[in-house]
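Student: I have a structure open in front of me, and I would like to learn how to read it one feature at a time. Could we begin with the sheets and then move on to the domains, the ligand and the other chain?

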Amino acid sequence: MKPDDFAYFTKYIYDQTGLVLGPDKMYLIESRLAPLARKWNVATIDLLVGQLRSARDPALQRDVVDAMMTNESFFFRDGKPFDQFRQLILPALLQSRAAKKSFRIWCAAASTGQEPYTLAMILKEEAAKLAGWRVDIVGTDISHEALERAKAGIYTQFEVQRGLPITLLVKYFKQQGDKWGIAPEIRSAVQYRSFNLLSEFASLGAFDVIFCRNVLIYFDQKTKGQILDRMAKLMPADGVLYLGGAETVLGVTERFQPMPGQRGIYQVVAPGGAAKAG
Amino acid sequence: MKSFLVVDDSRVIRNVARRILEAFGFKIEEAADGQLALEACKRAMPDGILLDWNMPVMNGIEFLRALRATPGGNAPIVLFCTTETDMTKIQQAIEAGANEYIMKPFDSEIVESKLTQVGLL
Ligand SMILES: C[S@@+](CC[C@H](N)C(=O)[O-])C[C@H]1O[C@@H](n2cnc3c(N)ncnc32)[C@H](O)[C@@H]1O
């Protein structure tokens with residue numbers, strides 16, 4: 001890749017997605033774009049980038065963004081956060097939302113669906129306590145390809161063996177050839193939307209819980225801070241935020257603070273005040 | 001050091017499993033069928049058992065039922081590890097007392113994820 005194309009391409013991806021691609025990512029870019037060049041029937045990556053520069057083709061732009069995303073995800077990723085959700089966050093919501101009997105969860109980087117479906121399965125397991133409740137799980141991602149897979153809810157044998165307890169596989173999946181399809185009642189519990197975290201959040205509505213896991217790591221401090229500040233605005237005073245194992249709010253935003261004793265969970269801080277105890 | 005019994009009639013699979021489990025710090029014993037595995041368990045109950053289904057002499061599910069009926073036989077954590085991927089087979093295994101179920105082909109990542117789930121890691 002020519003230096004000029006590299007500069008154009010990394011800026012393009014940064015502007016479109018927030019993803020930071022340093023000079024050390026040349027190899028990554030080339031390995032992701034090579035299959036795309038074949039798909040678009042152009043001989044070289046340089047020609048592909050040339051096409052991206054000259055023709056404002058939304059289909060190509062979308063493919064390029066999709067190609068640069070890392071969509072890796074697992075059911076019950078890291079285990080602990082979902083134990084905490086079931087044992088701590090959910091009981092708190094059941095109590096605090098008892099009057100209106102509803103709450104909303106946002107998976108802000110839903111990727112191929114494992115995270116929202118994990119939550120949907122947990123809620124199904126706790127269905128007895130949720131009778132008469134309305135729970136929204138909204139899964140969004142910038143990657144169209146990932147969202148298509150999420151909506152289909154069909155996973156490989158490898159994917160259903162990383163993190164998913166066998167009892168839940170038996171309960172909520174059906175074998176389809178050598179793949180595993182998630183049960184319609186779990187699939188329909190999640191609403192998917194194509195959504196860029198760099199855009200305005202207002203259209204999504206308010207959320208009691210936000211899962212924003214393993215996506216901020218790809219952004220610079222400024223982008224991280226802006227996204228988290230805007231998330232805080234969507235949340236009530238007792239809202240909770242989940243980040244990935246390698247992510248934190250410390251030094252990034254003042255609008256969240258770690259929940260004491262609970263790794264990976266953050267509470268909203270009222271502007272100019274301390275977080276609501278809870 | 002926790003102990004693991006690897007039960008499979010294929011020496012190749014036993015070797016693969018041994019290498020993966022040893023890397024997680026387990027002390028490994030091997031058995032080539034359910035009968036030999038049961039004898040090994042009666043001598044000393046391992047902490048974990050990786051269990052194939054189809055084996056000569058005594059198969060995995062027969063072994064598991066016999067194990068759970070043996071004094072002290074509820075203690076080991078049993079992970080089936082088999083090419084059987086039929087839902088009815090998986091259910092049978094759970095009913096017989098399996099703690100987890102790995103569908104072959106497996107790799108180190110799957111084993112690690114399952115071991116974490118059952119609390120052996
Ligand atoms: C590694 S996955 C995380 C999946 C899941 N949250 C988890 O923890 O397993 C990161 C996802 O973030 C998405 N993503 C990256 N930049 C984004 C942006 N600007 N807006 C929305 N999604 C984005 C990618 O498409 C990818 O699916």
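Tutor: Let us start with a sheet of chain A, in which three strands form an open sheet in the order β3-β5-β4, with antiparallel pairing. Please keep in mind throughout that this is a predicted model.

Student: Which are the edge strands of this sheet?

Tutor: An edge strand is one that pairs on one side only, and in this sheet of chain A the edge strands are β3 (154-156) and β4 (173-176). As for the turn from strand to strand, neighbours in this sheet are rotated by 35° against each other on average, when direction is ignored.

Student: How many bridges join β3(A) and strand β5 of chain A?

Tutor: Pairing is read from bridges, and β3(A) is joined to strand β5 (residues 179-182) of chain A over three bridges, in the antiparallel sense. For one particular bridge, look at I154(A), whose partner in β5(A) is G181(A).

Student: What is the order of the strands in the open sheet of seven strands?

Tutor: The order is read from one edge across to the other, and for this sheet of chain A it is β6-β2-β1-β7-β8-β10-β9, with mixed pairing. The strands that pair on one side only are β6 (190-194) and β9 (256-258) of chain A, and these form the edges. Between neighbouring strands of this sheet the average turn is 25°, again with direction ignored.

Student: In what sense do β9(A) and strand β10 of chain A pair?

Tutor: They pair in the antiparallel sense, with three bridges between β9(A) and strand β10 (residues 265-268) of chain A. One of the residues to look for is F256(A), which has V268(A) as its bridge partner in β10(A).

Student: Which strands does helix α6 of chain A touch as it packs on the sheet?

Tutor: For a packed helix we ask which strands it touches and at what angle it runs: helix α6 (residues 114-125) of chain A touches β1 (102-107), β2 (134-141), β6 and β7 (209-212) of chain A, and its direction makes about 165° with that of β2(A). Helix α7 (residues 144-152) of chain A can be read in the same manner, since it lies across β2 and β6 of chain A and runs at about 165° to β6(A).

Student: How is chain A divided into domains?

Tutor: Chain A is divided into domain 1 (3-68) and domain 2 (80-268), and the C-alpha centres of these two domains of chain A lie 30 Å apart. Their contact takes seven residues from domain 1 of chain A and ten residues from domain 2 of chain A. On the domain 1 side, helix α4 (residues 58-68) of chain A gives the most, with three residues.

Student: Why does the ligand lie between the two domains?

Tutor: Both domain 1 and domain 2 of chain A give residues to the shell around the ligand, so the ligand lies between them. The ligand is surrounded by 24 residues, of which the closest are M69(A), S73(A), A109(A), S111(A) and I142(A). By class, the shell holds nine nonpolar, ten polar and five charged residues.

Student: How many residues of chain B are in contact with chain A?

Tutor: An interface can be read from each side, and here 14 residues of chain B are in contact with ten residues of chain A. On the chain B side, α5(B) gives the most, with five residues, and by class that side has seven nonpolar, five polar and two charged residues.

Note on methods. Residues numbered from 1 in each chain as written. Chains lettered and ligands numbered in written order. Predicted model: local features only at pLDDT ≥ 70, side-chain atom pairs only at ≥ 80, totals over all residues. Near = placed C-beta within 6 Å. Nonpolar A, V, L, I, M, F, W, Y, C, P; charged D, E, K, R; others polar. Domains from an automatic or database assignment. Contact = placed C-beta atoms within 7 Å. Helix = DSSP H or I, 4+ residues; strand = E, 2+ residues; numbered from the N terminus. Pairing = 2+ DSSP bridges. Axes fitted to C-alpha atoms, helices over the stretch in contact; angles between N-to-C directions.
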